[in-house]
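Thanks for sharing this one with me. Below are a few points to go through with the structure open beside you.

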Amino acid sequence: MSGRRVEARTDGRGARWPSKDPAERLDFVIDWTAHLEGDAIAASTFAVPAGLAGDASSRSATMTTVWLSSGADRRSYLVVNSITTAAGRVMRQAVRIKVKAKSRA
């Protein structure tokens, strides 16, 4: 699963998860540790665009997870995670994911 984990960024550059097949249902993680400064995630929501399914989500004190399925082949989607910390900080991270059919042998 470590390949499907990205760190939250503050440099203005977007994060990117590896591609997934339209038939796959996989968990994708954002690691917020470097930005929490000892704080903890108290709430998390994911905005998943139409065409890609966000089946479920969860959080720990430092990471958020979303389960993604479906999507159109050769299409790129932008998923946005918004968190609120125990201290009241609000942060957002956009992550791009490409849906790509695996070759059929």
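1. A definition to begin with: rings of Phe, Tyr and Trp, the last by its six-membered ring, pair if their centres lie within 6.5 Å, and planes under 30 degrees apart count as stacked, over 60 as edge-to-face and the rest as tilted. The model you see here is a predicted one, and it holds one aromatic pair. The partners are W17 and F28, with 5.2 Å from centre to centre and 45° between the planes. That angle falls between the two limits, so the pair is tilted.

2. Where do the two partners of this pair sit? W17 is in the loop between strand 2 (15-16) and strand 3, while F28 belongs to strand 3, so by the program's account the pair links distant parts of the chain, eleven residues apart. Is W17 buried or exposed? W17 is buried, with a relative accessible area of 2%, and F28 is buried too, at 0%.

3. Next, please look at the largest nonpolar core, which has 21 residues. W17 turns up again here: together with I30, W32, L68 and I97, W17 touches the most other members. Strand 3, strand 4 (41-47), strand 6 (63-70), strand 7 (75-85) and strand 8 (90-99) each give two or more residues to this core. Which strand gives the largest share? That is strand 8, with four residues. As general background, nonpolar side chains tend to be buried together in soluble globular proteins.

4. Strand 3 also carries two acidic residues that I would like you to check. D27 lies in strand 3 and is buried, with a relative accessible area of 14%. The side chain of D27 makes a polar contact with the side chain of R4, at 2.8 Å.

5. D31 is also in strand 3, which covers residues 25-31. D31 is buried yet has no salt bridge. Why not? The nearest side chain of opposite charge, R5, is 4.3 Å away, and a salt bridge needs the atoms to be within 4 Å. The side chain of D31 does make a polar contact with the side chain of T33, at 2.5 Å. Beyond four places in sequence, D31 touches R5, V6, E7, A8, T62 and M63.

6. Finally, a word on L36, found in helix 1 (residues 33-36). L36 is buried, with a relative accessible area of 1%. Neighbours within four places in sequence aside, the contacts of L36 include I41, A61, T62, I83 and M91. From L36 to E7 the C-alpha distance is 12 Å, with their positions 29 residues apart in sequence.

Methods:
Residues numbered from 1 in each chain as written. Predicted model: local features only at pLDDT ≥ 70, side-chain atom pairs only at ≥ 80, totals over all residues. Heavy atoms only, no water. Buried < 20%, exposed > 50% of the residue type's maximum accessible area, 1.4 Å probe, protein only. Lys, Arg positive; Asp, Glu negative; His and termini not counted. Polar contact = N/O pair within 3.5 Å; in protein donor to acceptor, adjacent residues only side chain to side chain. Contact = heavy atoms within 4.5 Å. Core = buried A, V, L, I, M, F, W, Y, C linked by side-chain atoms within 4.5 Å.
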